[in-house]
Amino acid sequence: MHRKWSLAIAGAILILAGAGLAYLTQTSDGIQIRDVRFAGAKGNTMSALLYIPPNATARTPAPGILAVHGYINSRETQDGFAIEFARRGYVVLALDQTGHGYSDPPAFANGFGGPDGLAYLRSLDIVDKNNIGLEGHSMGGWTVLAAATAMPNDYKSMVLEGSSTGKPFAAEGTASWPRNVALVFAQYEEFSDLMWGVGRAREVTQSPKLWALFGTQGPVEPGRVYGDIAQGTARVLYTPDITHPAEHISHQAIGYSLDWFAKTLQGGTPRPSDDQIWFRKEIGTLIALIGFVVLLLGAFDGLLESPMFSHLRLPEIADGSAPAPVAASGRRWTAAFVLSAFIPALTYYPAFALGGTFVTPSAYLPQGITNQIMVWAVINALIALALMPFAPKRASRTGIIGPSILIALATVIVGYAALWLADLAFKIDFRFWIVALKLMSAKQFLIFLIYLIPLTAFFVISLHLLHRNFSTLGAGRAALYLTNILALTLGLIVLLALQYGTLWLSGKLFNPLPDPGFVPLSTIIAIQFVPVFAICAVIATFTWRRTGSSLPGALICGLFVTWYVVAGTATQAAF
C-alpha cells in the first residue's frame, strides 16, 4: 500500500518545495501579502493581492502602485512586477479586473475595475496619496487608463505594457494626458494594429496615434524622454524584442517599469533595476504545478488499490481471460497519428471564429473564450466519432462507468485540496507564465458545471480513439507516452512555430480567416494548450496502463481542463 502511494507523496513533496520557494521569493525583505476583497462603487466585489513592504506604515506612508493584468489573466500574472515594486518599497495592489479571477462579473464593466482599484489603494493609510503609480499590461493598461480618467489628479505616473490609449477601450492620449507615461511596446507585438493602428509592431514609432500622445509631428525615438516629469507631461517609449505575452515575464520590461517609477515617484527603497528575483517565484510555482500532476497520478494509483475500485484494474491477459489490445500499425498508424495531431490545429481558428461569432456570452454560457474552446472541442469530438470505425477494435468493459466517475472525482478532489492548502499557506496558485491553475470562486464553480459535460465528452471520445490507435501493453513505456503526447500536441506546436516564425520574419502573424480580429488572441491562447494537452496525454497514458480503459483518464482530463479554463478566463455575462 505504501508503494502505491509513493507517487502521491512525491507529488506532495514537489508542491511543498515549489510553494516554499515561491513564498520565500514573494515575501523577501519582509514583504507581507494579503488577499483582499473590497466593495466597488456599484456594490460589486473586487479582488486583489496587496503587497506591503516593511517601510509602509501609517506613520510613514509609502508610494503605491496599482498593477493590473491583461485579458483572460488574473492578479498573479503581474507578480513579477508586483514583487519587484514591493522590494523597492512600494505598496502594490495587484488587481483582478472585473469578471476575472475573484472579482465579480461581468468583464469590461465599471472601467474594468480600475477606478475601484485606485480608490481602494488611496484609502489605505499606509499609502502616500501624492505618490501613486499605475501599471497595466494589455487590457490592464485600459484598466489603469480608466482609473486615470475617473480620478485625473489622484496618480502621478503610469506604465503601459503592450497597451494603448484611445479606441477601442480608452480615452485618446494627448501631450498632457495621461500623466507621465512610459509605454513598453514589444517589437513582436501581436496586437499592433488594435493598439496603435500599425501593421507591424516595429512600426509603432510611425503611428499618428502615438505621435498625439507624445506631442510630436514625426517618429518617436525609443528611449528618449519627451515632455517634463514635473509638469506631468513626460513620455518615453521602450521597444524590447519580445512578444505581447512575454511582456509580463520579461526582466527587460520589468526593468523599464522600475526605472520609470524611480524617476517619477518619490520615496521607496532604491535598488538597481537589474536587481530582480521574481523569476524564482515562477520556478517555484512551476515545480508546484509539476507536483500537482504527479500528485494526481499518485492519488489515482493509490485509490486504484482500494476494494471500491478493484474492478477498474487492468484485466489479466496472460491467462486468456482478456484479449490483448491491438493498435494501428504501418500506414494506418501513420495516418492515425497525422490526423490526431493535425485536425485539431486545422480546425482551431475556424472553430474559434465560429464560437466567437455565434456562441456569444449569455447567462447560460457566460464565458466567451470558454465558448470558443467548447465549439472547438465539440467539432473535434464529432470528427473523432466519424473516424472511430477506422480504428482497431477493442473489447468493451462492463461495469466500469460508475467506478471510473468516482475515482476521477476523488483524484481531482485530492489535487484541488492541494491547491487550496497551497493558497492558504503560501498564497500562490500553480503556474508558469500564462499557464495557471487557480482555485474557483463559488460563481466559477457553477460555471464549471455548465461546461463540464461538453468538454468531458470531447476527452471521452478523443482519448478513446487515441488509445485504440496507439496504446498497447507491449509498447515501451517511454515510446507510448511520447506518442500520445505528440498526438495531442504536435499540430498545435507546428501551428505556433509557423505563426511565430512568420511574426519573427515578417513582423506580423499570418491570417487564415477573413476577420483578423480572432487571430492574435487565439494564437496566444493556443500556447496554453500545448502544456495542458501534454498533461492530459500523461494522465491518459498513465491511467490506461493501470486500467486498460480510456474512461478514467478521460474523466480526469475533462474535470481538470474544465476547471483550468473556467477559473483562468473571463466571465463576460453576469451570472
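# Crossing helices and closed spaces

Tutor: In this predicted model, helices α9 and α13 are oblique to each other.

Student: Why are α9 and α13 called oblique?

Tutor: Start with the value: the axes of α9 (residues 330-358) and α13 (residues 477-506) cross at roughly 45 degrees. Under 35 degrees would count as roughly parallel, and 65 to 115 as roughly perpendicular. An angle of roughly 45 degrees fits neither range, nor is it over 145, so the pair falls under "the rest", which is oblique. The axes come within 8 Å, and the crossing is right-handed.

Student: Which residues make the contact of α9 with α13?

Tutor: On the α9 side they include Trp333, Phe337 and Tyr348, and on the α13 side Leu486, Leu490 and Val494 are among them. By class, the contact has 13 nonpolar, 4 polar and no charged residues.

Student: What makes α3 and α4 roughly perpendicular?

Tutor: Same recipe. Helix α3 (residues 114-123) and helix α4 (residues 139-150) pack at about 70 degrees, their axes 7 Å apart. Roughly perpendicular covers 65 to 115 degrees, and about 70 degrees is in that range, so the label follows. The crossing of α3 and α4 is right-handed. Gly114, Pro115 and Leu118 of α3 meet Thr143, Ala146, Ala147 and Ala150 of α4.

Student: How do you know how the residues in the contact of α3 with α4 divide by class?

Tutor: Sort them by name. Ala, Leu and Pro count as nonpolar, while Gly goes with the polar ones. That gives 5 nonpolar, 2 polar and no charged residues.

Student: Okay, on to the cavities. How many of 30 Å³ or more are there?

Tutor: The structure holds 6 of them. The largest cavity has about 200 Å³ of space, and of its 17 lining residues, Ile72, Gln528, Tyr564, Gly568 and Thr569 are the closest to its centre. Helices α10 (368-387), α14 (519-547) and α15 (551-568) each give at least two residues to that lining. It has 9 nonpolar, 6 polar and 2 charged residues.

Student: And what makes the lining of the second largest cavity count as 9 nonpolar residues?

Tutor: Check the names: Ile373, Trp376, Ala377, Leu455, Phe458, Phe459, Phe529, Phe533 and Val561. Ile, Trp, Ala, Leu, Phe and Val count as nonpolar, so this lining has no polar and no charged residues. The second largest cavity has a volume of about 60 Å³, and α10, α12 (442-470) and α14 each supply at least two of its lining residues.

Technical notes: Residues are numbered from 1 along each chain as its sequence is written. This is a predicted model: local features need pLDDT of at least 70, side-chain atom pairs count only at pLDDT 80 or more; totals for chains, interfaces and linings use all residues. Side-chain values use heavy atoms; hydrogens and water are left out. On a 1 Å grid over the protein atoms alone, a cavity is a set of points where a 1.4 Å probe fits but cannot get out, and a pocket is an open set with protein on both sides within 12 Å along at least five of seven lines; lining residues have an atom within 4 Å of a point. Grid points are joined across faces, edges and corners, and a volume is the space filled by probe spheres set on the points. Helices (H or I, at least four residues) and strands (E, at least two) are DSSP runs, numbered from the N terminus. Axes are lines fitted to C-alpha atoms, for helices over the stretch in contact, and angles run from 0 to 180 degrees between N-to-C directions. A crossing is left-handed if the near helix is turned anticlockwise from the far one by less than a right angle, and right-handed if clockwise. Contact means heavy atoms within 4.5 Å.
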